[in-house]
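Thank you all for making the time this morning. I would like to walk through one model with you, beginning with its interior and then turning to its surface.

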Amino acid sequence: MDNRFPIPDEIPVITESQIFRPGENVYVQFPPQYSDFVGVIHKHTFIEIVYIVSGSATHIVNNREVSASKGDLFIINYDTPHAFFP
């Protein structure tokens with residue numbers, strides 16, 4: 001990787017209490033919800049499943065660069081630094 005997307009020293013952590021409503025175990029997000037984290041390397045205390053509905057992006061996962069486009073599916077484990085860059 002050419003370090004276009006450097007991993008910060010402190011990575012923001014998103015917790016389930018920030019996303020899920022009390023008593024819910026699943027949250028479905030559609031853009032632009034939580035757009036503050038697009039282009040920001042972060043990690044979670046929960047598993048994230050991402051399906052790309054349209055467009056394309058670069059997905060950084062554990063310091064690896066992966067192309068993402070319509071039809072791609074990602075399962076991101078908890079505590080895994082990642083970000084999507086449009």
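**Core and surface patch**

The largest nonpolar core here consists of 7 residues in all, namely Val50, Ile52, Ala57, Ala68, Phe74, Ile76 and Phe84. I should say at once that this is a predicted model, so please take what follows as computed from the prediction, with a cut-off of under 20% relative accessible area for calling a residue buried. Within that core, let me take Ala57, which, once its neighbours within four places in sequence are left aside, is in contact with Val66, Ser67, Ala68, Phe84, Phe85 and Pro86.

Now to the surface. Which residues form the nonpolar patch there? They are Ile47, Ile49, Tyr51, Val53, Leu73, Ile75 and Tyr78, and together they have about 820 Å² of accessible area. At least two residues of this patch come from strand S3, which covers 48-51, and at least two from strand S6, which covers 73-76.

Let me take one patch residue from each of these strands. Ile75, which is placed in strand S6, counts as exposed because its relative accessibility is 63%, where exposed means over 50%. Tyr51, which lies in strand S3, also counts as exposed, because its relative accessibility is 52%.

What is Tyr51 in contact with, if we leave aside its neighbours within four places in sequence? The contacts are with Gly71, Asp72 and Leu73, and the C-alpha atoms of Tyr51 and Gly71 are separated by 6.7 Å, although the two residues are 20 residues apart along the chain.

Key. Residues numbered from 1 in each chain as written. Predicted model: local features only at pLDDT ≥ 70, side-chain atom pairs only at ≥ 80, totals over all residues. Heavy atoms only, no water. Patch = residues over 30% accessible without salt bridge, like charges linked within 9 Å, V, L, I, M, F, W, Y side chains within 5 Å. Areas by Shrake-Rupley, 256 points an atom, 1.4 Å probe, with all protein chains shown as cover. Salt bridge = Lys/Arg side-chain N within 4 Å of Asp/Glu carboxyl O. Helix = DSSP H or I, 4+ residues; strand = E, 2+ residues; numbered from the N terminus. Buried < 20%, exposed > 50% of the residue type's maximum accessible area, 1.4 Å probe, protein only. Contact = heavy atoms within 4.5 Å. Core = buried A, V, L, I, M, F, W, Y, C linked by side-chain atoms within 4.5 Å.
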